[in-house]
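Reader: Hi, I'm new to this one. Can you put it up and walk me through it?

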Amino acid sequence: MQIIPAIDLKEGCAVRLSQGLMESAKIYAKEPLELAKHFENLGAEYLHIVDLEGAFAGEPRNHRVIERICKDSKLKIQIGGGIRNEEIIKSYFDLGVERVILGSVALKNPDFALKMAEKYAVVIGIDAKDGKVATEGWAESGSTLASEFAGIFKGSKVEAIICTDIARDGMLNGINVDFTKTIQQKSAIFTIASGGLSDIEDFERLQSASIDGVIVGKAFYEGRIDLAKAFRQFGNTEA
């Protein structure tokens, strides 16, 4: 599996939320660059960054922090949150990011997402509440089934799909492996699980289900897992 540690940015700090609620934000690091370098030292190749304020505002809000991480670490950065047009996409690649994550805009305009995937390294973020896709920083939940949405990208140039069960995100109660597997099967694209990772057994369950990757957040920050051990035991660098 590709194991990807996560940094969520709010007001320039690394935080974690519970179930996507901004008011639940807990600060874990005031210097995200130092945290990124720590992940690099543990064995990470990729880093997942979400601009939380950008996700709600619909435009980047932590550009300077992201620029420092791109410049001063060797990590391959995948970035999401508030990416709504090609200008923003291009600005991130100009910073040196490896992949951009399209969420709300991909749901509203799948053709745009498919077109951008022809030109850039694009990841689709599918965040679901009760199996339906949520948007606008998870503040809104629509009627589109996540599994149907995933199927739109089958056979496309999209590099990966990140799927998050919002009810489990930040709750440390286990990854929704069945949901992740459904997205993987519908899309036939490299699929990354997110939301709820709680312990080393979750890595084992994901590996047994042949899931391609997993994002690690709160379980690391709360000391539930030995990330260096997880990289050695379950990780690889294929994407």
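Reader: How many disulfides does the structure hold?
Author: Zero. Keep in mind that this is a predicted model.

Reader: Remind me, what is a disulfide?
Author: A covalent bond between the sulfur atoms of two cysteines.

Reader: Take Cys13. Which cysteine has the closest sulfur, and how far is it?
Author: Cys70 has the closest one. The two sulfurs are 18 Å apart, so that is too far for a bond. A disulfide here needs sulfur atoms within 2.5 Å.

Reader: Is Cys13 buried or exposed?
Author: Buried. Its relative accessible area is 13%, and the cut-off for buried is under 20%.

Reader: And Cys163, buried or exposed?
Author: Cys163 is buried as well, at 1% relative accessibility.

Reader: Let's zoom out. How many helices and strands are in the protein chain?
Author: The chain has 11 helices and 12 strands.

Reader: What radius of gyration does the chain have, and what would a compact globule have?
Author: The chain has 16 Å. A compact globule of 239 residues would be near 18 Å, so the two agree.

Reader: What does the C-alpha trace span along its principal axes?
Author: About 40 × 40 × 35 Å.

Reader: What share of the residues is buried?
Author: Buried residues are 57% of the 239.

Reader: How about contacts between residues at least 6 apart in sequence? What share joins residues at least 24 apart?
Author: That share is 65%.

Reader: Now the surface. How much of it is accessible, and what part belongs to carbon and sulfur?
Author: The accessible surface comes to about 10400 Å². Carbon and sulfur atoms account for 43% of that.

Reader: And charges? How many positive and negative ones, and how far apart are their mean positions?
Author: There are 29 positive and 35 negative charges. Their mean positions are 1 Å apart.

Reader: Let's go to single residues. Where is Arg232 found?
Author: In helix α11, which covers residues 227-234. Arg232 is exposed, at 64% relative accessibility.

Reader: How far is Arg232 from Leu42, in sequence and in space?
Author: They are 190 residues apart in sequence. In space, their C-alpha atoms are 9.7 Å apart.

Reader: What comes just before that helix? Where is Asp226?
Author: Asp226 is in the loop between α10 (218-221) and α11. It is partly exposed, with a relative accessible area of 44%. Asp226 is 26 residues from Ile200 in sequence, and the C-alpha distance is 8.1 Å.

Reader: Switch to Arg64. Where is its place?
Author: Arg64 is in helix α3, residues 63-72. At 69% relative accessibility, Arg64 is exposed.

Reader: How far is Arg64 from Gly12?
Author: In space, 8.6 Å between C-alpha atoms. In sequence, Arg64 and Gly12 are 52 residues apart.

Reader: OK, backbone angles. What is phi of Ala188?
Author: Near 55 degrees. That is a positive value in a residue other than glycine.

Reader: Where does Ala188 sit, and is it buried or exposed?
Author: Ala188 is in the loop between α8 (177-187) and β11 (191-194). It is exposed, at 58% relative accessibility.

Reader: And Ser210, what is its phi?
Author: About 60 degrees, so to speak on the positive side, and Ser210 is not a glycine. Ser210 lies in the loop between α9 (200-208) and β12 (213-216). At 49% relative accessibility, Ser210 counts as partly exposed.

Reader: Last one. Where is Gly43 found?
Author: Gly43 is in the loop between α1 (32-42) and β4 (46-51). It is partly exposed, at 44% relative accessibility.

Reader: How far apart are Gly43 and Val158?
Author: Their C-alpha atoms are separated by 26 Å. Along the chain, Gly43 and Val158 are 115 residues apart.

Methods. Residues are numbered from 1 along each chain as its sequence is written. This is a predicted model: local features need pLDDT of at least 70, side-chain atom pairs count only at pLDDT 80 or more; totals for chains, interfaces and linings use all residues. Side-chain values use heavy atoms; hydrogens and water are left out. Helices (H or I, at least four residues) and strands (E, at least two) are DSSP runs, numbered from the N terminus. The radius of gyration is taken over C-alpha atoms; the globule rule is 2.2 Å times the number of residues to the power 0.38. Buried means under 20% relative accessible area, exposed over 50%, partly exposed in between (1.4 Å probe, protein chains only). Contact means heavy atoms within 4.5 Å. Accessible areas come from the Shrake-Rupley method with a 1.4 Å probe; for residues, only the protein chains shown count as cover. Lys and Arg count as positive and Asp and Glu as negative; His and the chain ends are not counted. The place of a charge is taken as NZ of Lys, CZ of Arg, CG of Asp or CD of Glu.
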